[in-house]
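Please open the model in your viewer and keep the selection panel within reach. We will go from one selection to the next, pausing each time to say what is there.

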Amino acid sequence: MNTLITVLFLIFAAIILASAIMTVTVKNIVHAALWLISSFFGVGALYLLMEAEFLGVAQVLIYVGAVSILILFAIMLTRDLEGSQNRQLTPRWWIALIVPAALFSLLIVPTVMTHAWQLPPPPPAGQPPAISGAQQIGAAFMREYLLPFEVAAILLTVAMIGAIVVAFEERERRRRVLTLAEQVRLRQRQQQRQQPAPRPEPAATAVQPSEATGSET
Amino acid sequence: MPSITEAVPLPWVLTLAGALFCVGLFGALSRRNTVGILLGIELMLNAVNINLVAFWRYLEPNVVAGQTFALFVITVAAAEAAVGLAMIIAIYRARQTVNADEVDSLRG
Amino acid sequence: MTEIIIPPIDWRVAAQLSIIFGWASVLLVIALFVPRSRTRIIGYLAIVGVIVAAVAGIPLWGVNAETFSGMLRLDAYSLTLNWLFLASTAITIALSLDYLPRQGIERSEYYVLVLFATGGMMLLAQGADLIILFLGLELLSIVLYVLTGFAYPRIASEEAGMKYLLIGAFAGGFVVFGIALLYGATGSMNLRAIGETLARQALTPEERTYLLAGAALVVVGFGYKVAMAPFHMWAPDVYEGAPTPVTGLLSVGSKAAGFASLLRFLVEALAGEWQIWAPVLAALAIATLAVGNIGALTQQNVKRMLAYSSIGHAGYILFGVIAAGATDGVAGQRGVESVLLYLIAYTFTNLGAFGVLIALEQRGEAAWDMGDLAGLWNRRPWLAIAMAVCMLSLAGIPPTGGFWGKLYVFTAAWLAGMGWITVIGVIIAAVAAFYYLRIVAQMFMAEPAREAPLPMDRALRVGLTLATLGVLILGFIPTPAIDLVQRVVLGVRG
């Protein structure tokens with residue numbers, strides 16, 4: 001049984017690290033985001049292996065379900081078409097390689113390996129170890145972690161206000177983006193007007209915000 | 001009762017977390033693309049969470065501190081990602097002198 | 001099913017925080033019913049909330065208590081800082097009331113977000129647990145990212161916001177990794193408990209390395225937030241891109257809050273390791289002083305110059321922080337006092353300086369060039385006087401608040417046995433006076449480069465007057481402020 005867990009751990013570790021390395025090195029940013037999702041899944045599986053079920057589920061729900069999708073949306077909404085040919089790494093990326101490599105090999109590995117961990121004694125045989133689960137976490141949020149819980153709520157509110165303030169700007173100030181339906185209607189109207197209808201120039205749709213705002217509720 | 005504490009030594013898990021942190025750090029330092037930098041930062045935060053959960057599981061499994069802190073880290077990461085991606089979109093919009101056609105073609 | 005019993009809460013400790021967060025949420029709702037043309041009302045209401053919170057703090061003087069299972073603490077130290085944050089918030093809002101509509105970026109959310117930022121700063125000052133420090137830091141940072149990108153007609157503003165966010169999130173990663181290591185090494189996230197663990201057991205060299213690695217990562221993260229060299233690269237760009245009142249808040253509130261929690265962290269949790277961190281921080285302080293002041297020397301852009309100068313001031317404050325950890329009790333006390341006094345003087349001074357820039361800034365054009373200040377004395381004598389007072393204070397020339405701040409910081413460093421470093425600091429301060437005085441010379445000697453009408457709004461005038469008077473009062477009658485910070489000492493050491 002223990003060998004199985006060891007093997008599983010090694011598999012998960014390989015998935016996490018390999019996907020992470022792909023995330024930071026692949027050229028195409030969409031692929032990078034997909035590799036990131038794979039890494040997130042690996043971390044979630046590792047949590048389950050460590051018997052932190054609630055965190056494993058939260059990891060999948062929040063990271064895989066929300067953050068990754070948000071990232072993919074942002075990429076899709078902002079990707080310029082020739083972007084995939086651009087260099088994705090800074091020209092002096094090898095300098096950026098030295099810092100983490102040094103941090104890892106000189107600081108993290110020696111300290112982690114030499115530290116004398118005072119592990120608690122294993123529970124007596126036949127008795128399940130006392131592991132705090134979702135119930136204990138929920139109770140803790142109402143008791144000793146009440147303040148951080150409230151602050152986290154405020155933090156999320158602020159992030160929501162902030163994202164709205166940043167992303168939804170006043171429409172009269174910047175030319176607004178038409179929805180697909182409005183654009184189709186606009187094109188139809190233009191085609192009716194100029195009969196042997198050539199395909200309308202993209203600029204033509206953009207310079208008529210007055211018509212577009214008219215159809216807006 | 002098999003458990004990970006007997007099967008995998010704690011330093012292994014911590015080394016994994018450290019390696020993930022450094023990979024994320026490299027990503028954040030080396031990418032030119034803003035989204036790419038954010039991806040690196042998310043990896044760093046995940047590494048921290050592995051650390052926290054490992055400490056909880058190996059050192060004091062009956063205390064919730066490590067797990068709750070990991071949950072707060074996830075919360076903060078999500079909030080930061082939301083604001084960051086909103087900003088990326090806003091900057092992109094301002095830069096492109098908003099060509100409605102192009103932006104929309106990706107949506108439909 | 002276990003019944004959930006919420007433990008009793010000492011509301012005195014959380015009173016100011018609750019007022020600010022509650023009022024911010026209420027304003028968010030009120031803003032829905034206020035017509036767009038009268039958004040300014042929200043600003044006035046925000047100032048009212050700030051004043052109420054400040055007054056609510058008066059009966060709390062002398063309280064030394066903690067609540068929320070030891071996570072939130074109220075002592076003289078945090079109460080003094082809370083007042084400082086509230087004062088800087090009120091002045092910032094007053095300076096914004098006119099600036100925002102002039103730049104065409106007035107939105108009610110601005111004032112609400114500024115209040116949330118204040119709450120974040122107060123959490124940093126009151127937090128006694130690494131979880132609260134982390135969440136407070138992130139709350140403050142997220143608000144500031146958004147506020148930095150608030151002047152969206154200028155693309156530089158949004159880009160500055162993005163840059164700040166990336167650097168901030170990166171720094172946040174360091175802080176949280178450091179916290180995880182500290183938790184692993186000591187098994188606790190409470191600052192006092194960590195300090196006690198350190199004091200109780202003789203640590204083996206390996207355990208100490210582990211703890212110090214965690215502490216180093218936390219300090220790196222906070223170093224980014226307070227713009228300490230070599231983690232300062234973001235500051236000039238972000239300060240230049242942000243709307244000017246937000247730059248004021250960034251340079252003052254966020255720096256003070258960062259130092260407040262850094263000081264508490266170092267003194268309460270890591271006092272036992274002073275021998276190790278003091279030399280490291282001393283080297284960083286000298287580097288910060290050098291980078292900030294050399295950068296400021298060559299700037300023609302006044303806003304950028306103030307950004308570099310605020311990096312430099314982080315170096316002086318670091319002197320006080322190092323002294324505060326000293327094992328020698330007198331030096332330690334003097335260190336805490338000096339940090340607070342310096343922060344108070346610096347807050348009023350910097351807000352005043354940015355207030356003058358705000359007054360000069362017209363719609364859609366920046367008046368940040370040295371030339372824009374030329375001959376200000378002939379155009380607007382009061383503005384010129386205010387700017388001159390602030391520049392003298394930043395340079396540390398008596399009779400201004402900045403002088404007392406510098407005096408305290410240097411004596412604290414001297415008492416803590418950092419003789420050479422103090423000497424270097426004094427020399428750099430003398431050199432730095434040059435570029436501050438250059439601005440004064442520009443205003444009083446040079447011919448006006450151009451005539452520009454300068455609309456001055458009442459709120460702006462009040463804010464500017466408050467800041468400048470603060471600097472002067474601190475300079476001429478420093479005893480009340482010194483008395484205040486001298487009582488603080490026990491709070492943070494006890």
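The tour below begins with the confidence scores and then turns to one chain and its contacts.

Before selecting anything, keep in mind that this is a predicted model, and that it scores ipTM 0.90 and pTM 0.88. Where pLDDT is low, the predicted coordinates should not be read in detail. If you colour chain C by this score, you are looking at a chain with a mean pLDDT of 88, in which 95% of the residues reach 70 or more.

Now select chain B and show it as a cartoon, where you can follow five helices and zero strands, arranged along the sequence in the pattern α-α-α-α-α. Of the 108 residues in chain B, 70% are buried. Among the contacts in chain B with a separation of 6 or more, 49% are between residues 24 or more positions apart.

Next, add chain A to the view and look at where the two chains meet: 74 residues of chain B are in contact with 84 residues of chain A. To trace the chain B side of this meeting, select in turn helix H1 (4-7), helix H2 (10-30), helix H3 (34-59), helix H4 (65-95) and helix H5 (100-107), each of which gives two or more residues to the side that touches chain A. Which helix of chain B gives the most to that side? Select H4(B), which gives 22 residues.

Finally, colour the side of chain B that touches chain A by residue class, and you will find 49 nonpolar residues, together with 16 polar and nine charged ones.

Methods: Residues are numbered from 1 along each chain as its sequence is written. Chains are lettered from A and ligands numbered from 1 in the order in which they are written. This is a predicted model: local features need pLDDT of at least 70, side-chain atom pairs count only at pLDDT 80 or more; totals for chains, interfaces and linings use all residues. Two residues are in contact if their C-beta atoms, placed from the backbone, lie within 7 Å. Helices (H or I, at least four residues) and strands (E, at least two) are DSSP runs, numbered from the N terminus. Ala, Val, Leu, Ile, Met, Phe, Trp, Tyr, Cys and Pro count as nonpolar, Asp, Glu, Lys and Arg as charged, and the others, Gly among them, as polar. A residue is buried if 20 or more other C-beta atoms lie within 10 Å of its own, exposed if 12 or fewer, and partly exposed in between; C-beta atoms are placed from the backbone. pLDDT is the predictor's confidence in each residue, from 0 to 100.
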